[in-house]
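Let's take a walk through this structure together. Please have the sequence and the 3D view ready, and follow along at your own pace.

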Amino acid sequence: MIDRQAVRNNANYLRNVRPIDPEEIAEYIEGRPHPGVVREALREEAFDLRLRERDDGRFVPVDDAPVEPPGWAPTTFPEAYAFALEDLLVEEFGANWHRGDSGDRLREAIRRLKTDYFFENDVAYDRIAALGYAIYHLPDYYATIGYVLDDLVENRLLDRTLRVLDVGAGTGGPALGLHDYLPEDAIVEYHGVEPSPAADVLGRLLAETGRNFRTAIHRETAESMLGVGAPRSDGIDAVAVGDDGRPKPFDIVLFGNVLSELDDPVAVVEAALDVLATDGSVVALAPADLNTATGLREVERAVATPDGDVEVYSPTLRLWPGAAPEDAGWSFDVADELAIPAFQRRLDETADRGPEDEPGEFINVDVQFAYSILRTDGQRRVDVRASEDRCARLADSEEHVTDRVNLLAVKLSHDLSEGDNAVYKIGDGSQLVEHYAVCTRETELNRHLREAEYGAVVFVENGLVLWNDDEGAYNVVVDGETVVDLVAP
């Protein structure tokens with residue numbers, strides 16, 4: 001057994017002198033262990049030592065600076081991952097995996113998954129379902145995670161050394177996106193929790209990641225891993241507690257499109273907070289459809305209560321201290337769609353269709369997603385608060401119907417109209433029902449309502465409050481008399 005402390009001591013001595021060569025360190029350790037053994041020890045200690053391994057096998061320090069914005073805007077699903085998925089499909093079904101019985105089975109699996117999600121049925125994964133899920137969802141889930149991480153990076157809150165717990169890792173879309181989002185000099189200790197056969201797909205795709213993206217897959221349920229309803233498994237104790245018995249918390253606990261599949265998602269998220277670093281983030285993602293998006297928001301509200309220690313970092317900021325929203329909370333972001341991957345096109349083109357059936361049933365390149373970032377250190381993406389001397393609460397809109405008021409609000413949608421007056425969902429964290437900003441006349445003084453990005457904070461001056469009986473919601477009319485200022489992008 002190698003003297004790990006000696007390895008650490010030598011690495012710490014050399015880190016500021018020259019790249020750390022395992023062959024050199026081996027010469028200074030009692031027993032002269034093989035350099036390969038030293039290299040493996042360095043790999044296992046690299047995260048704690050903040051060292052990354054170069055292509056030449058030497059190790060160098062990780063930059064202390066936080067991750068800079070990478071300009072994330074993918075237009076395609078990377079070929080390396082696409083080829084890896086097709087390799088799995090060929091291994092399972094042969095070169096014509098998209099044709100005949102195998103193609104029919106994959107298409108039926110995708111149809112069944114879509115139906116189960118739509119009707120909120122229990123979702124079960126066998127190997128065929130896992131492959132179908134990967135075909136349909138890998139590209140958009142890959143793209144989504146980077147847009148969400150942008151919220152943390154803009155405030156320099158993402159370190160170049162990250163411990164990540166991916167709860168319900170599925171077939172790996174968010175994990176692959178995280179890998180490609182981070183700079184090459186980052187080092188990640190990644191733990192994916194996935195009990196279903198999707199773990200086999202996940203493992204194959206993670207094999208395409210770099211040497212400094214260290215991965216482990218835990219084939220157990222989230223409840224077992226985190227100790228919800230039962231004592232925590234040895235799995236979490238093995239990765240969340242060091243050999244010295246001290247906690248090794250996670251910088252990110254990721255729930256990628258899994259909350260809707262859990263029996264008690266609130267309890268699971270609360271348990272995840274127990275293994276989160278004090279400056280870490282719980283990042284939850286969900287598809288943009290009504291059930292999963294509003295379900296995510298329900299979990300967010302149950303965990304981030306006004307009198308608790310959990311804060312909504314983004315996007316649904318609480319702008320009034322002590323207030324909590326009670327509207328339905330259907331809110332999602334939209335990014336540019338991806339090019340159609342070859343594996344989706346093949347499966348879609350070989351589907352049996354009638355003369356009136358439209359193609360595209362098995363193509364999914366829209367990037368539309370709901371998300372929530374929660375923290376326990378009080379950090380918010382934008383440190384802005386409303387004040388009663390300048391603003392009206394959305395909770396008090398009933399008192400202001402037909403009045404013009406000033407509001408501080410978060411823009412929580414893209415344009416929801418069908419080409420008439422632009423409509424945007426807004427919220428300030430106090431709303432009891434849905435509120436929409438409706439622009440009936442754009443001017444130079446209110447154009448920021450259109451130009452503001454999803455999650456931006458805007459100040460609406462002289463907006464007209466009306467009740468929309470058809471929608472059961474309030475409209476804040478933005479017209480020629482209204483001024484909209486961008487408070488925080």
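**Around strand 10**

A good place to begin is Leu285, whose bridge partner in strand 10 is Tyr371. Keep in mind as you look that this is a predicted model. The Leu285 pairing belongs to a longer contact: strand 7, residues 276-287, runs antiparallel to strand 10, and six bridges join the two.

Strand 10 has further partners for you to find. Strand 8, made of residues 311-314, is joined to strand 10 by three bridges, again in the antiparallel sense. To locate this contact, pick out Glu311, which has Arg375 as its bridge partner in strand 10. Strand 9, residues 333-335, also pairs with strand 10 in the antiparallel sense, over three bridges. Here the residue to look for is Asp333, which stands opposite Phe369 of strand 10.

How many of the nine residues of strand 10 are buried? The count is eight, so to speak of the strand as mostly covered is fair. When you turn the view, it helps to recall that side chains in a regular strand alternate between the two faces of the sheet.

**Charged pairs**

Now let's turn to the side chains that carry charge. Searching the whole structure gives 40 salt bridges. One of them is formed by Arg127 and Glu92, with an N to O distance of 2.6 Å. Arg127 lies in helix 6 (residues 127-153) and Glu92 in helix 4 (residues 79-93), so this pair ties together parts that are 35 residues apart in sequence. How open are the two partners? Arg127 is partly exposed, at 28% relative accessible area, and Glu92 is also classed as partly exposed, at 33%.

A second pair to visit is Glu154 with Arg381, whose side chains meet in a salt bridge at 2.9 Å, N to O. Glu154 sits in the loop between helix 6 and strand 3 (161-167), while Arg381 sits in the loop between strand 10 (367-375) and strand 11 (404-411), so the pair ties together parts 227 residues apart in sequence. The loop holding Arg381 brings us back to the strand where we started. In this bridge, Glu154 is partly exposed, with a relative accessible area of 41%, whereas Arg381 counts as buried at 7%.

The third stop is the salt bridge between Glu434 and Lys425, at 3.0 Å from N to O. Glu434 is buried, with 14% relative accessibility, and Lys425 is buried too, at 3%. Elsewhere in your view, look for a set of linked charges: salt bridges with shared partners join Glu40, Arg43, Glu53, Asp55, Arg211 and Arg214 into one network.

**The cysteines**

Let's finish with the sulfur atoms. How many disulfides does a search of the whole structure find? The result is zero. Why does Cys391 not form one? The closest cysteine sulfur to that of Cys391 belongs to Cys439 and is 20 Å away, which is too far for a bond. A disulfide would need the two sulfur atoms to be within 2.5 Å. Seen from the other side, Cys439 has its closest cysteine sulfur in Cys391, at that 20 Å distance. Are these two cysteines buried or exposed? Cys391 is buried, with a relative accessible area of 13%, and Cys439 is buried as well, at 10%.

Conventions
Residues numbered from 1 in each chain as written. Predicted model: local features only at pLDDT ≥ 70, side-chain atom pairs only at ≥ 80, totals over all residues. Heavy atoms only, no water. Buried < 20%, exposed > 50% of the residue type's maximum accessible area, 1.4 Å probe, protein only. Salt bridge = Lys/Arg side-chain N within 4 Å of Asp/Glu carboxyl O. Helix = DSSP H or I, 4+ residues; strand = E, 2+ residues; numbered from the N terminus. Pairing = 2+ DSSP bridges.
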